Structure formats: structure tokens, C-alpha cells
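Thanks, everyone. I'll take the pocket to begin with, and then some helix packing.

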Amino acid sequence: MPQIVDPPIEMWNTNYGQLSKQGKWFGGQDAVDAYKADNPNVKLTSAQEYVIFNEGYLPDPYYLNKEEKAKGILTQGVGQTKRKGKDYIALGFTAAYDDRIADLKRKIDADLIDAIEQNDPEKFSALADLSYRGDVYPKWGADYSDGRLDDAYNEFWNRKKFGGAALDRVEKNSMILFGKGIPKGTKTSDGKKW
């Protein structure tokens with residue numbers, strides 16, 4: 001775990017714009033550029049850059065929400081935390097990313113993922129991003145593997161409620177993977193309907 005000099009940032013009490021002005025939180029291309037500046041020896045793939053672009057980068061430790069603070073779960077960098085017995089804060093973004101890709105290949109046919117990575121970098125980046133977020137589930141992954149894209153799309157959107165910036169991010173990836181965005185009538189995490 002990183003040495004904490006100041007109390008960690010409480011993201012639910014934080015204005016992202018203010019953090020950005022202070023040079024503490026980065027989004028979009030600024031996140032990619034800041035990550036590269038802080039990690040000059042790390043060579044990123046285009047899919048890794050896509051994940052950082054969407055996930056954002058905050059080099060300081062933070063608590064994402066009150067529940068994680070109560071449990072002592074810190075996050076840092078590109079959304080890295082301790083997961084499945086591994087300290088991704090200490091191991092770094094590329095280790096967290098590699099484990100998420102391995103998880104992706106367990107949920108969607110590994111040969112298919114390898115073929116997509118080689119032949120359709122945009123689609124692979126979308127899958128990598130959803131996997132990094134934890135939004136690839138076995139059922140829609142199996143449907144996707146078997147070419148049942150309509151079933152995969154429906155299962156994808158029925159599985160979890162999204163909200164805020166995550167909704168925009170997930171919809172963008174849905175457009176890349178399925179050619180369609182948010183289904184009409186979908187409830188968001190704040191209870192609104194599309």
C-alpha cells in the first residue's frame with residue numbers, strides 16, 4: 001500500500017473540476033498524458049490508452065465512496081485497488097489490466113478475443129475497457145462468443161444499472177460492440193428511464 005502522508009481524497013465529497021485544476025485528477029487525453037509522464041518506462045498499447053482515457057488517472061490515493069472508506073479500500077492511479085488478493089496499487093496499472101484481460105478471456109472465447117485484438121483494435125479496446133470496469137459477465141460473454149449479438153446486447157444491458165459518466169462510457173462501448181446504445185426503457189442507477 002502507498003505511504004499516505006495526507007488523508008486520502010473522499011471522492012463523493014470532491015469536485016472533479018477542482019481536482020483537475022489542482023493537477024490531481026486527469027480525464028481523457030490528459031489522463032493518458034499524465035500517466036505516461038509518471039510512468040515513462042511503461043509502453044502502453046492502444047487498448048491500454050483507451051482504458052486510461054475512459055477510466056481517468058488520479059495518482060493520489062482515494063476512497064471511491066463511503067462504503068469503501070468504512071472497509072479501508074483505497075483506490076489509486078487508473079482505478080487500481082486491492083482485488084482478489086492482489087495489491088494492484090503496488091503492482092501497477094499494467095498488472096491490473098493484464099489480469100482483467102485474462103478474466104475477459106475466461107468469459108469470452110480466448111481465441112475470439114485474440115482474433116479481435118489482431119483484426120479490430122477498436123472493438124478490442126471496447127472489450128478491454130468493459131472488462132477493466134468489471135462489466136463483462138459470463139452469460140453475455142458466452143452469447144457474444146457464440147455470435148448471438150442480440151442476446152449478448154440484451155443480457156449486457158439487463159445485467160447492471162449504469163449512471164452518470166459511466167453510462168456514457170458504457171454506451172460508447174455498446175455502440176462499438178453491438179452497433180447500438182442504450183435500449184429504450186432502461187433504468188439508470190439514479191432511477192431515470194431512457
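What you have in front of you is a predicted model. Its largest pocket has a volume of about 910 Å³. There are 32 residues in the lining, and those nearest the centre of the pocket are Glu 55, Leu 64, Gly 79, Arg 133 and Arg 169.

Which elements supply at least two residues each to that lining? Four are helices: H3, residues 46-55; H6, 93-107; H8, 121-133; and H11, 164-178. Strands E2, 58-63, and E3, 75-77, do so as well. H11 gives the most, with five residues. If you sort the lining of this pocket by class, you get 14 nonpolar residues, eight polar and ten charged.

Now the helix pairs. Two packed helices are described by the angle between their axes and the distance between the axes.

I'll stay with H3 and H11, since both came up for the pocket. Their axes are 11 Å apart, and the packing angle is about 145°. The crossing is right-handed. On the H3 side, the contact is made by Tyr 50, Val 51, Phe 53, Asn 54 and Glu 55; on the H11 side, by Arg 169, Lys 172, Asn 173 and Ile 176. That contact has four nonpolar, two polar and three charged residues. Glu 55 and Arg 169, both in this contact, are also among the residues nearest the pocket centre.

H3 has another partner, H2, which covers residues 28-38. The axes of H2 and H3 come within 7 Å and cross at roughly 120°, which means that H2 is oblique to H3. H2 passes H3 in a right-handed crossing. From H2, Gly 28, Gln 29, Ala 31, Val 32, Tyr 35 and Lys 36 meet Glu 49, Ile 52 and Phe 53 of H3. The residues of this contact divide into five nonpolar, two polar and two charged. Phe 53 of H3 meets H2 here, and Phe 53 is also part of the contact with H11.

The last pair is H9, residues 138-145, and H10, residues 149-159. These pack at an angle of about 165°, with their axes 7 Å apart, so H9 is roughly antiparallel to H10. H9 passes H10 in a left-handed crossing. H9 contributes Lys 139, Trp 140, Asp 143 and Tyr 144 to the contact, while H10 contributes Leu 149, Asp 151, Ala 152, Glu 155 and Phe 156. By class, the contact of H9 with H10 has five nonpolar residues, four charged and no polar ones.

That's everything from me.

Notes. Residues are numbered from 1 along each chain as its sequence is written. This is a predicted model: local features need pLDDT of at least 70, side-chain atom pairs count only at pLDDT 80 or more; totals for chains, interfaces and linings use all residues. Side-chain values use heavy atoms; hydrogens and water are left out. On a 1 Å grid over the protein atoms alone, a cavity is a set of points where a 1.4 Å probe fits but cannot get out, and a pocket is an open set with protein on both sides within 12 Å along at least five of seven lines; lining residues have an atom within 4 Å of a point. Grid points are joined across faces, edges and corners, and a volume is the space filled by probe spheres set on the points. Ala, Val, Leu, Ile, Met, Phe, Trp, Tyr, Cys and Pro count as nonpolar, Asp, Glu, Lys and Arg as charged, and the others, Gly among them, as polar. Axes are lines fitted to C-alpha atoms, for helices over the stretch in contact, and angles run from 0 to 180 degrees between N-to-C directions. Angles under 35 degrees count as roughly parallel, over 145 as roughly antiparallel, 65 to 115 as roughly perpendicular and the rest as oblique. A crossing is left-handed if the near helix is turned anticlockwise from the far one by less than a right angle, and right-handed if clockwise. Contact means heavy atoms within 4.5 Å.
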